[in-house]
Amino acid sequence: MAASLTFSRLLSSTTVTSSLLPPKTLPSKLPLALKFNHRRLHPKPLRFSTISATIGVGDKLPESTLSYLDSAGEVKTTTVSELTKGKKAVLFAVPGAFTPTCSQKHVPGFVEKSGELKAKGVDTIACISVNDAFVMKAWKDNLKVNDEVLLLSDGNGTFTKAIGCELDLSDKPVGLGVRSRRYALLAEDGVVKLLNLEEGGAFTFSGAEDILKVL
């Protein structure tokens, strides 16, 4: 639990801070009252949300190719249109395979609720991550996922960037680079009907239960 919390905080620390007035250097022997008044002239740093996306409800999902390994270990590909054309599809994304929240909550939640989602008319449930297909296959085996949820590789982040959901973690000490924001979307015939886009790696409203509420 401690590892998961730490990692979630790490992914969520994507806010930008700035100070309106740069502090001046004060003489060390100024009266206490003057030092106090000086600090009051400088408000606390402002915080700005960095969350953004170039796709929204009513938009058509851009075409893109995603990859996976089949049961024989052969690399296969599919496209966004193959996953969504004439179908009701749930696509959800995670910042990284094998990371705590993604492995312990996000993917297992969709596996557990896959039967209920399909009973509500969902044809496709797919998890997308900016990891290579070999990592996604190893993760699938580790989680013991069968055919309930497709685990798909957006290895170069092409689809992720096309919908404006990339998450730059290059400044973090764990070497993740550019990944995907966590989200869950519902599409009908390739058109977005719902998009729950999280801030950073937070996991608050992009789970299977949240999709079930709108079906």
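**The largest pocket and two strand regions**

The largest pocket has a volume of about 200 Å³. The model analysed here is predicted. The lining of this pocket is formed by 15 residues, and Tyr 68, Lys 140, Leu 150, Leu 151 and Leu 152 are those nearest its centre. Two or more lining residues are contributed by each of strand S3 (65–69), helix H6 (133–143) and strand S7 (150–153). The greatest contribution to the lining comes from H6, which supplies four residues. Classified by residue type, the lining of the largest pocket comprises eight nonpolar, three polar and four charged residues.

One of the residues nearest the centre of the pocket, Leu 152, is also in contact with Ser 129. Ser 129 belongs to strand S6 (residues 124–129). Its relative accessible area is 0%, and Ser 129 is therefore buried, the cut-off being under 20%. When neighbours within four places in sequence are set aside, the contacts of Ser 129 are with Val 94, Pro 95, Gly 96, Ala 97, Met 136, Leu 152, Ser 153 and Asp 154.

A further feature concerns strand S8 (residues 166–169), in which the side chains alternate. In a regular strand, side chains alternate between the two faces of the sheet. In S8, Leu 167 and Leu 169 point to one face and are buried, whereas Glu 166 and Asp 168 point to the other face and are not buried. Strand S8 pairs with strand S9 (residues 177–180) in the antiparallel sense, over four bridges. Within this pairing, Leu 169 has Gly 177 of S9 as its bridge partner.

How values were computed
Residues numbered from 1 in each chain as written. Predicted model: local features only at pLDDT ≥ 70, side-chain atom pairs only at ≥ 80, totals over all residues. Heavy atoms only, no water. Buried < 20%, exposed > 50% of the residue type's maximum accessible area, 1.4 Å probe, protein only. Contact = heavy atoms within 4.5 Å. Pairing = 2+ DSSP bridges. 1 Å grid on protein atoms, 1.4 Å probe; cavity = no way out; pocket = protein on both sides within 12 Å on 5 of 7 lines; lining within 4 Å. Points joined across faces, edges and corners; volume = space filled by probe spheres on them. Nonpolar A, V, L, I, M, F, W, Y, C, P; charged D, E, K, R; others polar.
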